[in-house]
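Got your viewer open? Load the model and follow along, one selection at a time.

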Amino acid sequence: METMAFVLILIALILLLLIVGLLVVLIYRMGKQHLPPQQNPASEIKHTDTVGPAYHPDVLARFKEAEKIKSRRLELFCPNHPEEPGEVSCAVCDHLFCRQCIKPFKALHFCKEHLPLLMNKEWTEVLTVKTSTQDPEQGVRLYDVKKNLFQNENLPSYIETHYKINVDQDFIETYLVMFAIVEDAQVIKEKLSSFTL
């Protein structure tokens, strides 16, 4: 009988210790929630060249590199849905959009902003460039010029790829055809003449 009472007292003491321990943890967590957040000195540091001599120039260069990577990473996500990765680029603005924000038209894709522009304006061909697998650089340069015209001059355009079968020589010719709004066509042609294609 005494051993039974001893075991019960021991079990009661263990349970009491567990309850006291849980109460201490609970009180600690509640107290921690009501305390004002501590200021982290590292979070207040601005990573620019104006930061004092406390940072080595290599560290400052790494800070700048990290900022560039962060901005490039943002370009990979849909501007309308930042949590969604960009999957398809708009043929006019070249921004990446998620599948909700992009619409197919004429074997190309357009964002919700530029699809109405495509539908409501009259477009005309401004330049045709023949490309080949031996010299793909010419096509790449045309896409760079198109992007530059939109970003710096606000002149929208898009490029279609056309194929022509050369039966006599048994190969397929590839042409990149650039289209612009009729009102902007002359200006774009003048701008294109200054670029080396």
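Start by selecting F110. This is a predicted model, and in it F110 has a relative accessibility of 1%, which is under the 20% cut-off, so the residue counts as buried. Keep it on screen, and add Y158 as sticks. Y158 is buried too, at 2% relative accessible area.

Now look at how those two rings meet. The structure holds 4 aromatic pairs, and F110 with Y158 is one of them: the ring centres are 5.8 Å apart and the planes stand at 90°, so this is an edge-to-face pair. Colour the strands and you'll see that the pair links distant parts of the chain, with F110 in strand 4 (residues 108-111) and Y158 in strand 6 (residues 157-166), 48 residues apart.

Stay on Y158 and add F179. Is this second pair stacked or edge-to-face? Turn the view until you can see both planes: they are 15° apart, with 5.3 Å from centre to centre, and the pair is stacked. Here too distant parts of the chain are linked, since Y158 belongs to strand 6 and F179 to strand 7 (residues 171-181), a separation of 21 residues. Both Y158 and F179 are buried.

Next, widen the selection to F105, F110, W123, Y158 and F179. Ring pairs join these residues into a cluster. While F179 is in view, show the side chain of K106 as well: its charged end sits over the F179 ring, 5.6 Å from the ring centre.

One step back along strand 6 takes you to S157.

- Where is it? S157 lies in strand 6.
- Buried or exposed? S157 has a relative accessible area of 0%, so it is buried.
- What does it touch? Beyond its neighbours within four places in sequence, S157 is in contact with A91, V92, W123, K146, M178, F179, A180 and I188. W123 and F179 are also in the ring cluster.

Now pick L155, in the loop between helix 4 (137-153) and strand 6. With a relative accessibility of 9%, L155 counts as buried. Setting aside neighbours within four places in sequence, its contacts are L149, F150, D184, V187 and I188. I188 also appeared among the contacts of S157. Try a distance label from L155 to A180: the C-alpha atoms are 8.1 Å apart in space, while the two residues are 25 apart in sequence.

Time for the surface. Select F6, V7, L10, I11, I14, L15 and L18 and switch on the surface display. These residues form a nonpolar patch with about 680 Å² of accessible area together. Click on I11 for a look at one member: I11 sits in helix 1 (residues 2-34), and at 44% relative accessibility it counts as partly exposed.

Finally, zoom out and colour by secondary structure. How many helices and strands are there? The protein has 5 helices and 7 strands, and reading along the sequence gives you α-α-β-β-β-β-α-β-α-β-β-α. Of the 197 residues, 25% are buried. Among contacts with a separation of 6 or more, 43% come from residues 24 or more positions apart. With the whole surface on, you are looking at about 15,000 Å² of exposed area, 60% of which is supplied by carbon and sulfur atoms.

Notes:
Residues are numbered from 1 along each chain as its sequence is written. This is a predicted model: local features need pLDDT of at least 70, side-chain atom pairs count only at pLDDT 80 or more; totals for chains, interfaces and linings use all residues. Side-chain values use heavy atoms; hydrogens and water are left out. Rings of Phe, Tyr and Trp (its six-membered ring) pair if their centres lie within 6.5 Å; planes under 30 degrees apart count as stacked, over 60 as edge-to-face and the rest as tilted. Helices (H or I, at least four residues) and strands (E, at least two) are DSSP runs, numbered from the N terminus. Buried means under 20% relative accessible area, exposed over 50%, partly exposed in between (1.4 Å probe, protein chains only). A charge sits over a ring if NZ of Lys or CZ of Arg is within 6 Å of the ring centre and within 35 degrees of the ring normal. Patches are made of residues with over 30% relative accessible area and no salt bridge: like charges are joined within 9 Å, nonpolar side chains (Val, Leu, Ile, Met, Phe, Trp, Tyr) within 5 Å. Accessible areas come from the Shrake-Rupley method with a 1.4 Å probe; for residues, only the protein chains shown count as cover. A salt bridge is a side-chain nitrogen of Lys or Arg within 4 Å of a carboxyl oxygen of Asp or Glu. Contact means heavy atoms within 4.5 Å.
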